Amino acid sequence: KIGKALTRFNHISSSIQQSSLFDINGSLALYSLSNNIFTNLAFENLLAESINKKEDLNVLLFWISKPCIVFGRHQNAWLECDVKRSREEGINLVRRYSGGGCVYHDQGNLNISFLTNRLKFDRKTNLNIIKSGLEGFI
């Protein structure tokens, strides 16, 4: 299962940006080497769209971005942050397709995306996968 997924995701990751791939307890962990928020969110979106909903595969994506403000799919950037100041300071504004709240990213924080089949969602198992992934990241 992981071998097939690694082949597929190696192709995806090489077409977007270099990343490191690891097998963590039957789950796929990817560590993006890009600090570009647009690249990382495009990669996250591509992975989400590429996962077969019937697959029994978890995908964990880690990335760190240069300073930016990320806002959710249904949020208004002008209500969530100071757009003019962001532009003056060269801070990118980007909408995250998967939604979420408005957050500031910089190279001091680690971003994590966990993609899984909704039908097999298990909080404890998923947290253990994230823990193992973080141990591999450090």
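Why is strand E2 largely enclosed by the rest of the structure? Start with the whole chain, then come back to E2.

This is a predicted model. The protein chain holds five helices and seven strands. Read from the N terminus, its elements follow the order α-β-β-α-β-β-α-α-β-β-β-α. The chain has 138 residues, and 38% of them count as buried. A residue is buried when its relative accessible area is under 20%. About 8,400 Å² of the protein chain is exposed, and carbon and sulfur atoms supply 51% of that area. Now take the contacts between residues at least 6 apart in sequence: 70% of them join residues at least 24 apart.

Back to E2. This strand covers residues 27-32. Six of its six residues are buried, so E2 is largely enclosed by the rest of the structure. Look at its two sides. In a regular strand, side chains alternate between the two faces of the sheet. Ser 27, Ala 29 and Tyr 31 lie on one side of E2, and Leu 28, Leu 30 and Ser 32 lie on the other. Both faces are covered.

Next, find the partner strand. E2 pairs with strand E3, residues 59-63, in the parallel sense. Four bridges join the two. Use Leu 30 as a marker: it stands opposite Leu 61 in E3.

E3 also pairs with E7, this time in the antiparallel sense and over five bridges. Here Val 59 stands opposite Leu 115 in E7. Strand E7 spans residues 111-115, and its side chains alternate. Asn 111, Ser 113 and Leu 115 point to one face and are buried. Ile 112 and Phe 114 point to the other face and are not buried.

Asn 111 leads to another strand. Its side chain makes a polar contact with the side chain of His 105, at 3.3 Å. His 105 is found in strand E6, residues 103-105. Is His 105 buried or exposed? Its relative accessibility is 6%, so it counts as buried. Set aside its neighbours within four places in sequence, and His 105 still has contacts with several residues, including Trp 63, Pro 67, Cys 68 and Val 70. Another of its contacts is Ile 37.

Ile 37 brings us to helix H2, which runs over residues 37-50. H2 has 14 residues and reaches 20 Å from its first C-alpha to its last, close to the 20 Å expected at 1.5 Å a residue. Which residues of H2 are buried? They are Ile 37, Asn 40, Leu 41, Phe 43, Glu 44 and Leu 47. Seen down the axis of H2, the buried residues fall within an arc of 155°, so they line one face of the helix. Asn 36 caps the N-terminal end of H2. A side-chain oxygen of Asn 36 lies 2.8 Å from the backbone nitrogen of Phe 38.

Finish at a loop. Asn 76 lies between strand E4, residues 68-71, and helix H3, residues 77-80. With a relative accessible area of 37%, Asn 76 is partly exposed. A polar atom of its side chain lies 2.9 Å from the backbone nitrogen of Trp 78. Now look along the chain to Arg 95, which is 19 residues apart from Asn 76. The C-alpha atoms of Asn 76 and Arg 95 are separated by 9.5 Å.

Notes. Residues are numbered from 1 along each chain as its sequence is written. This is a predicted model: local features need pLDDT of at least 70, side-chain atom pairs count only at pLDDT 80 or more; totals for chains, interfaces and linings use all residues. Side-chain values use heavy atoms; hydrogens and water are left out. Buried means under 20% relative accessible area, exposed over 50%, partly exposed in between (1.4 Å probe, protein chains only). Contact means heavy atoms within 4.5 Å. Accessible areas come from the Shrake-Rupley method with a 1.4 Å probe; for residues, only the protein chains shown count as cover. Two strands pair if DSSP finds at least two bridges between them. The expected span of a helix is 1.5 Å times one less than its number of residues. The arc is that of the directions from the helix axis to the C-beta atoms. A polar contact is a pair of N or O atoms within 3.5 Å; within protein, one must be able to donate a hydrogen and the other to accept it, and residues adjacent in sequence count only if both atoms are side-chain atoms.
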